[in-house]
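Visitor: Could you walk me through this structure? I would like to begin with one helix and then move outward.

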Amino acid sequence: MSQSDIDAAARETLRLIGPDPQNWVPDRHAVDHNVIVIGGGQSGSAFAFALRRAGIGKVTVVDAAGDAASSGPWLSSARMHKLRTSKSLPGPELGLPGLSFQAWYEARHGAAAYGAIDRISRLDWAAYLDWYRKTLGIKVRYRTKLLRIEPVQDHLRLHLDVAGEVRTETARKIILASGFPSNGGPAVPDVLSRNLPKIFTPIR
Ligand SMILES: Cc1cc2nc3c(=O)[nH]c(=O)nc-3n(C[C@H](O)[C@H](O)[C@H](O)COP(=O)(O)OP(=O)(O)OC[C@H]3O[C@@H](n4cnc5c(N)ncnc54)[C@H](O)[C@@H]3O)c2cc1C
């Protein structure tokens, strides 16, 4: 397969499912987003794609990480080299084989190489997730951290730290896809780390 054909399966899949539906959600006064997704990892990215395919527009994805490489645990805190679960479990491809990890991997390394791996390496998974976002045009606003959610009448006001500056945005719905802290890295509650001698505090 030539280099120019490497994403042929993904392109063909996107051609066959056709254009994204129009946004059917009526605008609401003073509401910036229909949905704000907190976290642009595998869950947040899959939600963004699913919402778009469901015709839900005005969706934004934010992530506290500085960039794609530091989002999620794969290239930062992870210590295990492989994913734990089987390579054949469904992923963020939403049932579309051309967008799956298997299609991505086989296009680059061949079907025999995919057959030979027992589980997915975290580096391959990070590269696949990066490709997934780029191929599907999922834009993540990095360096944007959710600080607080404030209920306001019929919507929600989000207090965000955007590159060190506090800003507010409004949304009808929020999806919390923020993972969990210490996924592969150390987590010592503040109350403990404040009182521990420096020698015991984790390096971040
Ligand atoms: C080596 C390793 C192997 C693993 N194997 C498996 C496996 O096989 N199967 C499995 O299911 N799981 C596995 N896990 C667990 C895996 O980490 C999670 O399943 C996966 O990362 C969850 O994806 P997620 O998108 O929900 O969260 P994450 O990937 O953690 O992404 C959450 C994102 O939210 C962002 N965020 C957090 N708080 C905020 C905030 N306040 N504002 C804005 N953004 C925020 C973070 O920066 C992050 O980028 C493994 C983990 C490791 C480290």
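**A conversation about the fold**

Guide: The buried residues of helix H3 pack against three helices, namely H1 (8-17), H4 (111-116) and H5. Please note that the model is predicted.

Visitor: Which residues of H3 are the buried ones?

Guide: In H3, which covers residues 101-109, the buried residues are Phe 101, Ala 103, Trp 104 and Tyr 105.

Visitor: And what does the backbone do just after H3?

Guide: Gly 110 follows H3 there and takes a positive phi of about 95 degrees.

Visitor: Let me step back. How many helices and strands are in the chain?

Guide: The chain has six helices and six strands. Read from the N terminus, the elements run α-β-α-β-α-α-α-β-β-β-β-α.

Visitor: What are the overall dimensions?

Guide: The C-alpha trace spans about 55 × 55 × 25 Å along its principal axes. Of the 204 residues in the chain, 25% are buried.

Visitor: What about contacts between residues at least 24 apart?

Guide: If one takes the contacts between residues at least 6 apart in sequence, 69% of them join residues at least 24 apart.

Visitor: Now the sheet, please. In what order do the strands come?

Guide: The order is S3-S2-S1-S6-S5-S4, in an open sheet of six strands with mixed pairing. Strands S3 (140-141) and S4 (144-152) stand at the edges; each has a single partner strand, so one side of each lacks a neighbour in the sheet.

Visitor: What holds paired strands together, in general?

Guide: Strands of a sheet pair through backbone hydrogen bonds, in either a parallel or an antiparallel arrangement.

Visitor: Parallel or antiparallel for S1 and S6?

Guide: S1 (residues 33-38) and S6 (residues 165-176) run parallel and are joined by five bridges. Ile 38 stands opposite Leu 176 in S6.

Visitor: Does anything cover that part? I mean, what does H2 touch on the sheet?

Guide: H2 packs on the sheet and touches S1, S2 (59-62) and S6. The direction of H2 makes about 175 degrees with that of S2.

Visitor: Back to the pairings. How many bridges join S5 to S6?

Guide: Seven bridges join S5 to S6, and these strands run antiparallel. His 159 stands opposite Thr 168 in S6.

Visitor: And S4 with S5?

Guide: S4 and S5 (residues 155-162) pair in the antiparallel sense over eight bridges. Thr 144 has Val 162 in S5 as its bridge partner.

Visitor: What happens at the turn of that hairpin?

Guide: The hairpin of S4 and S5 has two residues between the strands, and Gln 153 takes a positive phi near 40 degrees there. The hairpin of S5 and S6 also has two residues between its strands, with Ala 163 at a positive phi near 50 degrees.

Visitor: Why would I take note of a positive phi?

Guide: Most residues other than glycine have a negative phi. Ala 163 is not a glycine, yet its phi is positive.

Visitor: Is Ala 163 buried or exposed?

Guide: Ala 163 is exposed, because 12 other C-beta atoms lie within 10 Å, and a residue counts as exposed at 12 or fewer.

Visitor: Where is Arg 143, and what is its phi?

Guide: Arg 143 is found in the loop between S3 and S4. Its phi is near 55 degrees, a positive value in a residue other than glycine. With 15 C-beta neighbours inside 10 Å, Arg 143 counts as partly exposed.

Visitor: Changing topic: at what angle do H2 and H5 pack?

Guide: H2 (residues 42-53) and H5 (residues 122-136) pack at an angle of about 20 degrees, and their axes are 11 Å apart. The two helices are therefore roughly parallel to each other, since angles under 35 degrees count as such. Their crossing is left-handed.

Visitor: Which residues make the contact?

Guide: H2 contributes Gln 42, Ser 45 and Phe 49, while H5 contributes Leu 129, Tyr 132, Arg 133 and Leu 136. By class, the contact has four nonpolar, two polar and one charged residues.

Visitor: Finally, where is Lys 198?

Guide: Lys 198 is found in the segment after H6 (190-195). Lys 198 is exposed, with 6 other C-beta atoms within 10 Å. Its C-alpha atom is separated by 29 Å from that of His 81, and the two residues are 117 residues apart along the chain.

Technical notes: Residues are numbered from 1 along each chain as its sequence is written. This is a predicted model: local features need pLDDT of at least 70, side-chain atom pairs count only at pLDDT 80 or more; totals for chains, interfaces and linings use all residues. Axes are lines fitted to C-alpha atoms, for helices over the stretch in contact, and angles run from 0 to 180 degrees between N-to-C directions. Helices (H or I, at least four residues) and strands (E, at least two) are DSSP runs, numbered from the N terminus. Angles under 35 degrees count as roughly parallel, over 145 as roughly antiparallel, 65 to 115 as roughly perpendicular and the rest as oblique. A crossing is left-handed if the near helix is turned anticlockwise from the far one by less than a right angle, and right-handed if clockwise. Two residues are in contact if their C-beta atoms, placed from the backbone, lie within 7 Å. Ala, Val, Leu, Ile, Met, Phe, Trp, Tyr, Cys and Pro count as nonpolar, Asp, Glu, Lys and Arg as charged, and the others, Gly among them, as polar. Two strands pair if DSSP finds at least two bridges between them. A residue is buried if 20 or more other C-beta atoms lie within 10 Å of its own, exposed if 12 or fewer, and partly exposed in between; C-beta atoms are placed from the backbone.
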